[in-house]
Amino acid sequence: MSEITDFDSLRRAMAENGEQPEGPARNARAEQLLLEAERLKIPLAVIEALGHQLKVYNYSSEKAKMFVPFARLLRMWDERPEDFDAYETHSLHWVFKWMSAGMLDQPHVPLASVEKWLGEMEHRYRLAGHSERAVRSAEFSVAAHVGDVARAERAFAAWLAADRDTMADCHACELHGQGWWQAERGRDTEALELWAPVLEGEYTCAHEPHSVLASSLLPLLRLGRPDEARAHHLRGLRLVRSMESMRSAYADHVEFCALTGNEARGLELLAERPAYFTDEGQPRSKLDFLSVVALLMGRLGELGLGGERVPGADGREWTADELAGHARAEALALAARFDERNGTGHVSERARARMAQRPLVERLPLGVRASRPTSAAPAPALAAAAPAPAEAAGEVAETDLPALLEEARRLSDTLRPHAVEAWERVARAAAADDDVELAARDLAEIADHEAIGLGSRGAAAFERAAGLYEEAGDPGEALAARARAAYVRALDGEVDEALAAVAEPYDRVLALYAEGDTEVPQAAGVLMARARILMRRVHEAEGPVSESVGTAAESAVRELLALVDGRAGDDVRLAARVAEGHAMLAELATRSGEAETGAELFARAAAEFVGAGVPWFAVEYEARLAALAHELGDMAEAERALRAALEHGGPFLEAIGRAQLHLQLAEVVGGRGAAEEAAEQALESAHWADEAGAGPTYGAWARHQLGGYLVRLGRWAEAAEVLESALTDLSAETHGDGAVVQTQWWLGDCLSELGEHRDAAERRLQAAEIARHWPEQHDHATLAHLAAESLGHAGLHAEADRAYARAGELWRDLGNVRGLIRSLRARAWLALRTGQDPDVARALMTSAVEECADAFGAAGDDEEARHRLIAELGDTHRQFGDLLARSAAEDADDEAIRVTLDEALSQMSEAVAVFVTLGESALLARTGAELAAGWLECDLGRPAQAAARARAVLRSCADAAAEDFGGDGQVDGGPMGARRAEAEQLLQAAEEPRDR
């Protein structure tokens, strides 16, 4: 911490403090700096220190402290206005607006005092000659706060009608306030139209677009634009997360989570900012925060999670129900204080309405992972997706046994989902009525479906069903049940035992069928079970399937098809047998290396399932078809199959299966360049992976892919949030170190684009450290180079130089001359910018030129390599010239400056000569170097030479136009247009001395 010895050191210290993060530490330093200013005995120093205090208080959670320094400033102004310079005079009047808003935020300040202050502000602004725009804006805020809509509308209109002057809030803040009022009055479309210039980056400030992004969340949801709302949440949260003064905006993001099925994400946000529960400096933002805490806790209670532990106030443990009650009571008590001050009930009404909101969308995946509470119920989307058993059964009364039997048989005969549950209801209804005695056939079907529900543990139940079918006089179905019992043994790995067990039912059912004592469905049931058992041998084989195993399975499948094919009619079960048989043949063909045949058969099987009215059975085979089509290079068929699988799976697809299909589809559509849809598919994949409890594994991979697609789309803030979330779970052991490196790499790119250069450097260095151990070192070199760039942008110049030097060594080892040259040039510029001996920068740039020349000689007959090296040499000469020109010290004598500029001109001329050898492909580079040389000629007092260079560029522009450069015979726009404009400026500058 620098010592304050004079006014300049005080100003430097205040500037340094202004760059620190918002919070008590920065505020405390501002208070210390005021004491230091008072010791200097300079009135303006005290004024500036008070202004600094005001600013840091305003941008913190301690806004209530603003009033004291402002009162002192105002007293100093009234007593000695001559002590204020123009800037501090402007600042004093500017801060009047902060005081007005600050008083509104404090319920202990009487409304009469607020109104009196508003009048004082209007009086002083009029005396200073300022527009009333800022005054009317402040009046609007007072009226809107107390709920006086008529006055608010009048003040709003007057605010817009008044002229903008230096006292008006910045465009971004004004548009935020104007849009907020439109949304408050139910005009969401108008609000978003007003906010558009801020959201698009046309207007920005310290708090914008941060606040607008937060305010836009619910309007976008209400307008049915959830994708934009998601993007604004990811982008906006990143902006406000580190700013303690933005509690209200942060609350908007928690509210968004509560109303979009992202309650777990909302809990994570609460855990990040525990101080928001207790900070007292701005009661109005605390009211906003507590209101949405109550809303979120209420949602958890509705989901059956009221007893879950949640983050809260006072460092104690809370359940969701406890915190809901606490936050609601605190919020309403605070609202009542405002209403008592205001003489209305408006603030309490708004707080109650906010806490009572209902979800605006059932489910809005965000792409970032939030851990669900341990006893979380299934997500609403999952619960709603698959119809409950009662719904599937047509709401049959549990006591209506005949109707339950009819419905269960309908569902099982048509292979509908929930048939097992329907038979369970039959069993319960029968057991509940002592007067009911079910027939053996009914009991057999109950046992049969009980066994189906037990999966590999159902052998005993199938055997019981077989006995009941025998008792009911259906020997064929009894044999089919015994065959199913054999098959479930195969599922447990007892394939030989299962084959032995199915042998007798197989022989007997064929005999019965031949004698006409059973029908096709029963015989098909036995043959299908036997075929499935033989296919288990195929599935369990490691590597290629032996001929004997494949032949036996294929024979069994073809026997089944010979029995059933053409006889299915309207029997859904038989049609499904045919489809499954073709799927088995597809599997056998694939395992035998006949991928095209396998794909055709999988497609046929899927189509047959769909044709039979049971599309959910087609999903597995459409997924297999997609994989085969991908392998065969038929990406259109792969995409079609994946879309069909998602469509046909519908509500019956398990969450992990849905996640896998969405991610596969993302990779396919991303491969054809449709990054927007690929991102949507990866987003869905991440969501369903989380729902399946596979967030740390499959979900992390989906987020990795999603982040990559967002990077491709240039959506840097969203991508950064997603990639940071992915890195929480990605590991080299589970996902491979390549995925970790790529994620860090992408994240570094995002942070660099967002201007977070120190963090970008850290991510790139972490990725480089992993890549350092790889056999191929190109990625290591690239990451080291990128890290050096980030370190340089972050002002860590010594670290940047070391990273560039390391990258240069790696480029040299790889034989990558272009990378080496660029690292040398970067180090040269870094040396110049950091004030090192200019000879260091010259030496580095000279080395770059020499490396170019050496590599050119070694390129031999590789024309492409030679062309690239020539271009690199031209760029190096051009940069060398720029560097020399900028290194000419302003305090050097004229001769030294002339010598340096002559050297710079020599390098520029070399650049022009090199670019000439490249022809029209280097037109832009050549004309740029020519113009730079021309300006140097001017600086050296050689107007004729400068004019000649300007005319040469103009001729090049004319030639480009004649050759239809740019497609319309003109070069008015684009880079060549800029070249011509600069050439005309140079020519004018060169000819001016002649005219005098």
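A residue counts as buried when its relative accessible area is under 20%, and because Glu937 has a relative accessible area of 5%, Glu937 is buried in this structure, which is a predicted model. Glu937 has its place in helix H46, which spans residues 923–939, and its side chain is joined to that of Arg949 by a polar contact of 3.2 Å. Leaving aside neighbours within four places in sequence, Glu937 is also in contact with Leu905, Arg942, Gln945 and Ala946.

From this charged residue we can turn to the nonpolar interior. The largest nonpolar core has 161 residues, and those with the most contacts inside it are Met297 and Ile533. Helix H27, residues 520–540, gives the most to this core, with 12 residues. Not counting residues up to four places away in sequence, Ile533 touches several residues, including Ala486, Tyr487, Val495 and Leu499. Apart from this core lies another, of 47 residues, and among them are Leu33, Leu44, Leu92 and Val135.

Aromatic rings give a further view, for the structure holds 20 aromatic pairs. The rings of Trp77 and Phe84 have their centres 5.3 Å apart and their planes at 85°, so this pair is edge-to-face, and both Trp77 and Phe84 are buried. The rings of Phe140 and Phe156, with centres 5.4 Å apart and planes at 55°, form a tilted pair; this pair links distant parts of the chain, since Phe140 lies in helix H7 and Phe156 in helix H8, 16 residues apart.

Elsewhere, charges meet rings: the charged end of Arg316 sits over the ring of Trp318, 3.7 Å from its centre, and that of Arg530 sits over the ring of Tyr506, 4.2 Å from its centre.

Technical notes:
Residues are numbered from 1 along each chain as its sequence is written. This is a predicted model: local features need pLDDT of at least 70, side-chain atom pairs count only at pLDDT 80 or more; totals for chains, interfaces and linings use all residues. Side-chain values use heavy atoms; hydrogens and water are left out. A nonpolar core is a set of buried Ala, Val, Leu, Ile, Met, Phe, Trp, Tyr and Cys residues joined through side-chain atoms within 4.5 Å. Buried means under 20% relative accessible area, exposed over 50%, partly exposed in between (1.4 Å probe, protein chains only). Helices (H or I, at least four residues) and strands (E, at least two) are DSSP runs, numbered from the N terminus. Contact means heavy atoms within 4.5 Å. A polar contact is a pair of N or O atoms within 3.5 Å; within protein, one must be able to donate a hydrogen and the other to accept it, and residues adjacent in sequence count only if both atoms are side-chain atoms. Rings of Phe, Tyr and Trp (its six-membered ring) pair if their centres lie within 6.5 Å; planes under 30 degrees apart count as stacked, over 60 as edge-to-face and the rest as tilted. A charge sits over a ring if NZ of Lys or CZ of Arg is within 6 Å of the ring centre and within 35 degrees of the ring normal.
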